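Colleague: I would like to learn how to read empty space and cysteines in a model. Please start with the empty space.

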Amino acid sequence: MPKVTIDDRTVEVEAGTNLVDAALEVGVQIPHYCYHPRLSVVGQCRMCLVEVEGMGKLQAGCSTQVVKDGMVVRTDTEEVQEAQRAMMEFLLINHPLDCPICDQAGECGLQDYAFKHGVAFSRFNYEEKRTYTGKERIPLGPNILLNMNRCIQCTRCVRFTQEVSKTGELGFLQRGARAEIGVFPGKQLDSDLATNVVDICPVGALTSTKFRFAERVWNLEKEPSLCTGCDVGCNVTLEHRRGIIKRYKPRHNPEVNDYWMCDYGRGTFEKYTENPRLLSPRLRKQGELTPVIWKEAVEALTQRLRSRTSEGAVVLLGSGNLTTEEAFLFGKLGDAVGTPHRSVYTEASEPYHIPNPQGGITAKEASPNRRGAEMAGLEAGRGQTIDAGRLFREGADGVSILIVTDSGYGPGAWDDETVERLRRAEYLVVFGWADSPLARAADLALPVNTHAEKDGTFVNVQWRLQRFRRAFPSPGEARPAVEVLAEILSHFDEGWKSLDVETVFQRMAEEIDDLRDLAFDRLPPTGAVLREEQPAPAPA
């Protein structure tokens with residue numbers, strides 16, 4: 001591979017690597033607007049000009065490739081800096097000074113580069129700037145607004161719709177100084193991937209209708225997480241303020257979602273504010289659900305499991321929303337009471353397709369972790385077991401204790417007829433974050449954390465194990481399900497007392513062949529592929 005020296009730092013890169021990407025390898029950031037690693041190179045913003053030894057004039061870093069050994073590049077000469085200042089002055093001539101009311105403030109490329117590479121004055125003597133009258137809040141689709149006065153015509157959005165989403169709704173209209181971005185007649189920017197144009201817009205020209213004016217970005221805390229909308233397992237940055245999630249943004253993982261995510265996934269966190277929250281343990285006493293302390297709730301469940309006299313079965317209704325670690329402990333609880341009756345409920349997903357360099361991933365199921373939950377211990381047993389399909393079709397008649405692991409597992413948790421069928425169990429236990437009709441029908445309801453409030457792993461449609469992290473603490477008396485299950489299991493075996501997620505993962509790795517040689521704190525950033533993808537079972 002050829003070597004290139006950039007600002008006296010030498011790096012070996014693959015032949016054909018452009019200078020913008022090569023510079024990042026040695027910690028040098030070449031400013032740019034129009035360039036994006038997954039879009040074609042157009043070289044039209046001219047911010048990435050650099051000096052290449054042996055070339056008579058400045059070269060665009062995005063379109064200059066490293067093709068031979070010994071290239072010497074300078075990004076810090078006076079000539080380069082003067083070119084950057086001139087380009088910034090040109091871009092700011094017609095740009096509105098509306099940073100205080102712009103949604104992009106705080107994460108704006110124009111703002112950042114104006115500080116780093118601009119000047120504090122303008123030589124533009126005309127008082128009237130070019131403006132696009134009446135084109136400040138133009139809906140391009142249901143989720144995207146355009147403010148043409150802020151557009152710097154980098155064409156990232158146009159190229160995205162042509163090359164990534166392949167829907168081609170956007171294009172340049174008019175010519176010269178009056179050129180503008182717009183949708184073609186009869187078209188809307190409404191594809192599954194539409195809001196990605198907001199992410200890649202370097203200024204505030206394109207904004208999201210869902211996040212617009214919701215929060216100043218510098219007030220947001222950001223944590224790496226995973227989308228829970230389907231089994232693609234898009235990597236996201238979870239952005240919140242004081243425990244209230246404000247938005248998901250795609251987080252780069254070239255093996256899964258690359259730089260992208262779908263519009264459906266961006267809104268999946270809204271369920272946490274739209275639905276009531278289960279905040280304290282509740283135990284049914286004399287026909288009424290009564291708030292109780294955790295110790296009483298756990299003792300009530302363990303006593304019921306130990307002293308049941310009914311001939312009916314103990315049944316575990318699992319969920320594809322459980323973490324792998326939680327499913328493992330629920331499986332151990334099933335082993336402790338000797339029941340084979342366990343299954344994971346999931347539904348088919350819309351076929352959301354997320355592009356990546358390997359061709360992309362298409363969603364199959366509307367939950368993030370059916371594969372991980374079954375692998376960890378909630379796979380239906382052989383023979384005449386009571387699984388999710390049977391419960392929903394025939395009801396829980398003859399079931400001594402039904403343990404539902406997720407109070408918001410799917411539409412059935414909010415459907416009165418489904419709840420009535422599950423309520424036929426002699427004793428109904430519900431774990432979960434949502435105070436759903438199912439939780440309100442339970443004999444014992446136990447509040448546990450949402451995925452934003454805990455650590456864990458999911459296994460996606462590729463059988464790729466990915467880790468996510470706790471973003472903020474839980475409200476009320478909700479606790480991590482791993483902690484609650486460890487406390488319950490300790491009543492059957494002291495060895496399960498006081499477990500954390502990392503310890504549970506270690507125990508899984510000792511028992512499950514797919515997880516051999518993996519460690520929770522050393523999982524690769526892109527995840528670990530456990531096995532080849534297998535055909536998914538028909539949804540219950």
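Modeller: Rolling a probe the size of a water molecule over the atoms shows where empty space is left. Here a search of the whole structure finds three cavities of 30 Å³ or more. A cavity is a set of points, on a 1 Å grid over the protein atoms alone, where a 1.4 Å probe fits but cannot get out. This is a predicted model, in which local features need pLDDT of at least 70 and side-chain atom pairs count only at pLDDT 80 or more, while totals for chains, interfaces and linings use all residues. Residues are numbered from 1 along each chain as its sequence is written, and side-chain values use heavy atoms, leaving out hydrogens and water.

Colleague: How much space lies in the largest cavity, and which residues are closest to its centre?

Modeller: The largest cavity holds about 210 Å³, a volume being the space filled by probe spheres set on the points. Its lining has 21 residues, and Asn-321, Asp-406, Trp-433, Asn-449 and Lys-454 are the closest to the centre. Lining residues have an atom within 4 Å of a point.

Colleague: How many disulfides does a search of the whole structure find?

Modeller: A disulfide is a pair of cysteine sulfur atoms within 2.5 Å. The search finds zero.

Colleague: Why is Cys-34 without a bond to Cys-45?

Modeller: The closest cysteine sulfur to that of Cys-34 is in Cys-45, 3.8 Å away, which is too far for a bond. Cys-34 is buried, at 2% relative accessible area; buried means under 20% (1.4 Å probe, protein chains only). Cys-227 is in no disulfide either, with the nearest cysteine sulfur, that of Cys-234, 5.9 Å away. Cys-227 is buried too, with a relative accessible area of 6%.

Methods
On a 1 Å grid over the protein atoms alone, a cavity is a set of points where a 1.4 Å probe fits but cannot get out, and a pocket is an open set with protein on both sides within 12 Å along at least five of seven lines; lining residues have an atom within 4 Å of a point. Buried means under 20% relative accessible area, exposed over 50%, partly exposed in between (1.4 Å probe, protein chains only).
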